[in-house]
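Biologist: I should like to go through this model and ask, for each term applied to it, what justifies that term. Please show me the structure before we begin.

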Amino acid sequence: MNEENYSAKQLADAIVEGIQEKKGTNIAILDLSKLDNTICQYFVICEGESTTQVDAIADGVEEYVRKQLGDKPNHVEGKENALWVLLDYFDVVVHVFHKEERGFYNLEGLWADAKRTDIENLF
């Protein structure tokens with residue numbers, strides 16, 4: 001990530017907007033920056049109703065961040081089955097879950113020490 005152009009918080013905000021464009025719901029931002037031994041500064045977690053929507057949300061995030069900030073993810077996982085797609089932007093990791101998978105993995109519970117910001121659903 002090119003630090004001098006934008007901050008991790010600006011990236012996280014752009015990711016949220018990309019999720020919202022594809023009607024992703026129950027968006028949570030976990031601020032990991034104050035925790036020890038974390039792999040990134042933020043997790044952005046959301047969900048979609050179907051594998052088709054999960055895939056569309058992930059693509060939408062990539063497209064929105066590329067247009068707004070000129071960045072692309074370092075790594076993408078999970079596009080094959082679209083139950084949990086992970087987009088790694090170094091300082092921000094995006095988790096796009098199928099609704100049923102999110103509760104099973106419970107990332108918010110695993111990272112309960114992180115400051116959590118819930119984004120209101122737009123619709």
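**Reasoning through the model**

Modeller: In strand 2, Glu47 is the bridge partner of Thr25. Please keep in mind that the model is a predicted one.

Biologist: What makes strand 1 and strand 2 a pair?

Modeller: Two strands pair if at least two bridges are found between them. Strand 1 and strand 2 are joined over five bridges, in the antiparallel sense, and therefore count as a pair. Strand 2 is also joined to strand 5, by seven bridges, and these two run parallel. Within that parallel pairing, Ile45 stands opposite His95 in strand 5.

Biologist: How many strands does the open sheet have, and in what order?

Modeller: The open sheet has six strands in the order 3-4-5-2-1-6, and the pairing is mixed. Strand 3 (75-77) and strand 6 (115-119) each have a single partner strand, so they are the edges, and one side of each lacks a neighbour in the sheet. From one strand to the next, the twist averages 15 degrees. At the strand 3 edge, three bridges connect strand 3 to strand 4 in an antiparallel arrangement. There, His75 stands opposite Asp88 of strand 4.

Biologist: Why is strand 2 called largely enclosed?

Modeller: Seven of the seven residues of strand 2 are buried, so the strand is largely enclosed by the rest of the structure. Both of its faces are covered: Tyr42, Val44, Cys46 and Gly48 are buried on one side, and Phe43, Ile45 and Glu47 are buried on the other.

Biologist: Which helices lie across strand 2?

Modeller: Helix 1 lies across strand 1, strand 2, strand 5 and strand 6, and runs at about 5 degrees to strand 2. Helix 2 lies across strand 2, strand 3, strand 4 and strand 5, and runs at about 160 degrees to strand 5.

Biologist: Which residues touch the most other members of the largest nonpolar core?

Modeller: That core has 26 residues, and those touching the most other members are Ile15, Ile19, Val44, Val61, Tyr89 and Val92. Helix 1 (8-21), strand 1 (25-31), strand 2 (42-48), helix 2 (51-69), strand 4 (84-88) and strand 5 (92-98) each contribute at least two residues to this core. The largest share, seven residues, comes from helix 1. Apart from this core lies another, of 10 residues, including Leu32, Leu86, Phe97 and Ala114.

Biologist: What does Ile15 touch, not counting residues up to four places away in sequence?

Modeller: On that count, Ile15 touches Val44, Val61, Val65, Tyr89, Val92 and Val94. As a general tendency, nonpolar side chains in soluble globular proteins are buried together.

Biologist: Why is Arg102 called buried?

Modeller: The cut-off for buried is under 20% relative accessible area. Arg102 has 7% relative accessibility, and therefore counts as buried. Arg102 is placed in helix 3 (residues 99-105).

Biologist: With which side chains does the side chain of Arg102 make a polar contact?

Modeller: The side chain of Arg102 makes one polar contact with the side chain of Glu47, at 3.2 Å, and another with the side chain of Glu108, at 2.4 Å. Leaving aside neighbours within four places in sequence, the residues in contact with Arg102 include Thr25, Asn26, Ala28, Ile45, Cys46 and Phe97.

Biologist: How do you know that the sulfur of Cys40 is too far for a bond with Cys46?

Modeller: A disulfide requires two cysteine sulfur atoms within 2.5 Å. The closest cysteine sulfur to that of Cys40 is in Cys46, 15 Å away, and is therefore too far for a bond. The count of disulfides is zero. Cys40 is buried at 5% relative accessibility, and Cys46 is buried with a relative accessible area of 0%.

Biologist: Why is Ser33 called partly exposed?

Modeller: Partly exposed lies between the limit for buried, under 20%, and the limit for exposed, over 50%. Ser33 has 35% relative accessibility, and therefore counts as partly exposed. Ser33 is located in the loop between strand 1 and strand 2, and its side chain is joined to that of Asp31 by a polar contact of 2.5 Å.

Biologist: What makes Glu63 partly exposed?

Modeller: Glu63 has a relative accessible area of 35%, and is therefore partly exposed. Glu63 lies in helix 2. Glu63 and Gly18 are 45 residues apart in sequence and 7.8 Å apart in space, C-alpha to C-alpha.

Terms used:
Residues numbered from 1 in each chain as written. Predicted model: local features only at pLDDT ≥ 70, side-chain atom pairs only at ≥ 80, totals over all residues. Heavy atoms only, no water. Core = buried A, V, L, I, M, F, W, Y, C linked by side-chain atoms within 4.5 Å. Buried < 20%, exposed > 50% of the residue type's maximum accessible area, 1.4 Å probe, protein only. Helix = DSSP H or I, 4+ residues; strand = E, 2+ residues; numbered from the N terminus. Contact = heavy atoms within 4.5 Å. Polar contact = N/O pair within 3.5 Å; in protein donor to acceptor, adjacent residues only side chain to side chain. Axes fitted to C-alpha atoms, helices over the stretch in contact; angles between N-to-C directions.
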